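Dear colleague,

I am handing over the structure below, together with some notes on what was found in it. Please look it over before reading on.

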2 protein chains.
Amino acid sequence: MSTDVRAALIIIGNEVLSGRTQDANLQFLALGLNEVGVRLKEVRVIPDDEAEIIATVNALRARYTYVFTTGGIGPTHDDITSECVAKAFGVPLRQDPRAVELLKRVIKPENLNEARLRMANIPEGADLIDNPVSAAPGFHIGNVYVMAGVPRIMQAMFDGLKAGLKGGASMVSRSVTLHVGEGGIAAPLAAIQTRHPEVEIGSYPFTRDSGYGTVIVTRGTDAALVAAVTAEVAAMARALGARVEDDDHSTDHGHAPETP
Amino acid sequence: MSTDVRAALIIIGNEVLSGRTQDANLQFLALGLNEVGVRLKEVRVIPDDEAEIIATVNALRARYTYVFTTGGIGPTHDDITSECVAKAFGVPLRQDPRAVELLKRVIKPENLNEARLRMANIPEGADLIDNPVSAAPGFHIGNVYVMAGVPRIMQAMFDGLKAGLKGGASMVSRSVTLHVGEGGIAAPLAAIQTRHPEVEIGSYPFTRDSGYGTVIVTRGTDAALVAAVTAEVAAMARALGARVEDDDHSTDHGHAPETP
């Protein structure tokens, strides 16, 4: 997996940490990044707090090829992401004429007050991220992509910028459902993982109609190897007398299966 | 907010980072911690990787009163949380006779193989966390609480241990829905926040029937103050000609409202 391109996501928002809002952006971003060969390797959820945001942006941008943030770019007092990212990069935050133009297209002049104009404050040197939903843009500076928190807007922003990301080899995943408890196949499964360090084998237990089962997910960049390892897992389970269901042949995008 | 008791959650699992599984534990934990006066202040989602788990556990246990982990305590090769937590604390991982007894209650002797017995490996000095769903226990050592990733099991574990946490003052929250865009009330809202630094005022925009609206959530430990600030927000919006809907009077537990 030498072609790994790694990314992190920073979810900025007290509302997620308080339990008021269920985050919906992590999974969307993870699946979208998979499509372009980028692997999401870490997510942090942090409060709307200046010191936390600056420290987290700086820690993660040094460590990952791409860093995405969601939340905190609206017009109210609790929207402090843009100024924090500017501070993290040590550049001034200034009113961006391109962003002002975008806001003017949807906001009547008499409504374009100081608060709404704050949404045009962008760190110097940043490029804008298009917002086809409600105009107020995101931006990216260096390897940091700053997006809205509202899922509909975040998704539109990411769909627009995705093609510009430089990914590595796409991850392919395949899963197989074994009607046997995890503990019954753990040892031979570990042996298969040891023989194939180039793939990642995950084991996810479930119960259904009071029977135990395990979904085995194999992920890697070599589709043929992923298929071969999946077949090896299925054969191992069959040899132990377990019923085996072939699952999907999907790559890691499209809709995600329910947790088994 | 001098009585702040702060906690962090570490979600351990490749399946969440790949987008295959939508995490369901963050919100449950956040709401449950609110009930006992503990504030969730940070969440990290990290892969099933030894170095990452050890570093993250050590970084967060030094920083927060409580650290919770979910995921990685099953019988398969990708379940490495227990050994990583032992290494983080610098103590041996050893077979715990109490945990073996618990496993024996639900696993027949002929099925109690080496893999299943791994679930009885607990760091020295840890106390067990009861698992009323499937017997295999979690544990806590120092201020770190290690729980299963399967939501049904995690929830049962947390419900059992919750009463043992020492929280501070409970957070109370109240919300009010203003039928006006965020940008229309941002300045007076910021003034209210500045006058009342003891509460946290969050602003969450929504669109409904193509009209703009904003939900304002006020949180704090002083219920009377939270109510007074909410009334002040409502009066401010009414003075600007906006329609105002009174929302809930809930504390931060029970079910979470949908994202507006």
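Of the contacts in chain A with a separation of 6 or more, what percentage is accounted for by residues 24 or more positions apart? The share is 69%. Please bear in mind throughout that this is a predicted model.

To begin with chain A as a whole, it has nine helices and 12 strands, and its C-alpha atoms fill a box of roughly 75 × 40 × 30 Å when this is taken along the principal axes. Of the 260 residues in chain A, 50% are buried.

Turning to the contact between the chains, chain A gives 49 residues and chain B likewise gives 49 residues. On the side of chain A that touches chain B, the elements that provide two or more residues are the helices α1 (14-17), α2 (25-35), α6 (114-117) and α8 (182-195), together with the strands β2 (39-46), β10 (200-208) and β11 (211-220), each of them in chain A. Sorted by class, this side of chain A is made up of 21 nonpolar, 16 polar and 12 charged residues.

The β2 strands deserve a separate look, since β2(A) pairs with strand β2 (residues 39-46) of chain B in the antiparallel sense, over three bridges. Within this pairing, A:Val43 has B:Val45 in β2(B) as its bridge partner.

In chain B, there is an open sheet of four strands, which follow the order β10-β11-β9-β12 and pair in an antiparallel manner. Its edge strands, each pairing on one side only, are β10 (200-208) and β12 (243-246) of chain B, and from one strand to the next the twist averages 25 degrees. Inside this order, strand β9 (residues 172-179) of chain B is joined to strand β11 (residues 211-220) of chain B by seven bridges, again in the antiparallel sense, and B:Ser175 is found opposite B:Val217 in β11(B).

Two helices of chain B lie across strands of this sheet. Helix α8 (residues 182-195) of chain B lies across β9, β10 and β11 of chain B, and it runs at about 170 degrees to β10(B). Helix α9 (residues 223-239) of chain B, for its part, lies across β9, β10, β11 and β12 of chain B, running at about 5 degrees to β9(B).

With kind regards

Methods. Residues are numbered from 1 along each chain as its sequence is written. Chains are lettered from A and ligands numbered from 1 in the order in which they are written. This is a predicted model: local features need pLDDT of at least 70, side-chain atom pairs count only at pLDDT 80 or more; totals for chains, interfaces and linings use all residues. Two residues are in contact if their C-beta atoms, placed from the backbone, lie within 7 Å. Ala, Val, Leu, Ile, Met, Phe, Trp, Tyr, Cys and Pro count as nonpolar, Asp, Glu, Lys and Arg as charged, and the others, Gly among them, as polar. Two strands pair if DSSP finds at least two bridges between them. A residue is buried if 20 or more other C-beta atoms lie within 10 Å of its own, exposed if 12 or fewer, and partly exposed in between; C-beta atoms are placed from the backbone. Axes are lines fitted to C-alpha atoms, for helices over the stretch in contact, and angles run from 0 to 180 degrees between N-to-C directions.
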